[in-house]
Amino acid sequence: NKIVVDHYPKLEDNVPYIFVSTHGFVDDSVANLATIDRNAYLLFGTTDQLEVNPITYAAWANGFIYVNREDREHRKSAIDKMLRVLNNGNSVLIFPEGGFNNTENLLVQKLFASPYILAKQTGIKVVPIAPFYEYGSDTIYMNAGEPVDLSLFDDKREALDHLRDLLATLVYENIEKHSTPILRCELGSDPRMDFMEQRKNEYLKTKWTKDVWDEELTIYQDEQDREYNSVMESMDKINVTKDN
């Protein structure tokens with residue numbers, strides 16, 4: 001795919017940044033690394049591809065930090081590794097949504113906390129980026145916002161909501177500018193299934209060697225999400241009979 005950069009901010013030379021990107025298609029990591037104007041260590045959490053995909057060696061040569069997303073302690077250790085990179089004058093690239101955004105309606109999913117933790121401990125600014133790719137297209141569009149200082153926020157959730165809103169604005173600009181409009185009457189009988197079929201085909205661009213979905217579908221869940229999921233799991237176990 002060719003990469004078109006719609007907007008990229010004027011960044012200071014020889015200064016590290018925390019690049020934070022939305023996550024939704026196979027090539028968004030490569031597109032980000034090709035767009036960013038300096039070396040950035042990618043936070044890499046795809047274990048299967050790390051083990052079997054030779055292209056991963058290119059990421060290793062560029063510099064990346066591996067994280068096992070299913071291991072809480074491993075996720076915590078990744079913070080220390082990113083701090084070491086930043087404190088040595090290099091940048092990092094994070095996808096704080098975790099897994100791909102597979103929702104039809106959320107422009108950006110809830111964010112993991114690492115951008116705020118890193119910014120708070122280093123004072124380094126965060127650069128939001130929103131790649132855009134329409135399934136079947138030959139072009140990726142890159143839309144990067146101005147650097148933001150998350151260290152000014154005392155409340156973690158407020159800071160992450162602010163960052164999410166900045167990212168969502170970039171995503172919406174992408175949709176307005178580059179998406180192909182479709183009329184409601186042109187939708188199929190099951191738009192949800194059509195959407196998920198596209199998402200499945202996007203995943204299958206990568207050759208997986210084992211069941212990876214517990215890791216690849218990792219998303220941030222707060223207390224409300226966990227409570228909701230617990231209720232739904234309990235309902236699934238209810239055995240309704242004529243006697244109860």
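Is Tyr-133 buried or exposed? I looked this up first and found a relative accessible area of 15%, so Tyr-133 is buried (under 20% relative accessible area, with exposed meaning over 50% and partly exposed in between, for a 1.4 Å probe and protein chains only).

Before going on, I noted that this is a predicted model, in which local features need pLDDT of at least 70 and side-chain atom pairs count only at pLDDT 80 or more, while totals for chains, interfaces and linings use all residues. Residues are numbered from 1 along each chain as its sequence is written, and side-chain values use heavy atoms, with hydrogens and water left out.

Aromatic pairs. I found seven of them in the structure, where rings of Phe, Tyr and Trp (its six-membered ring) pair if their centres lie within 6.5 Å, and planes under 30 degrees apart count as stacked, over 60 as edge-to-face and the rest as tilted. One of them joins Phe-25 to Tyr-133, and it is tilted because the planes stand at 40°, with the ring centres 5.2 Å apart. Phe-25 is also buried, at 5% relative accessibility. I then turned to Trp-208 and Trp-213, whose centres are 5.8 Å apart and whose planes meet at 65°, so this pair is edge-to-face. Trp-213 is partly exposed, at 32% relative accessibility. Ring pairs link both tryptophans with Phe-100 and Tyr-203 into a cluster.

Strand E3. In this strand (residues 40-44) I saw the side chains alternate, with Ala-40, Leu-42 and Phe-44 buried on one face and Tyr-41 and Leu-43 pointing to the other and not buried; strands are DSSP runs (E, at least two residues), numbered from the N terminus.

Technical notes:
Helix = DSSP H or I, 4+ residues; strand = E, 2+ residues; numbered from the N terminus.
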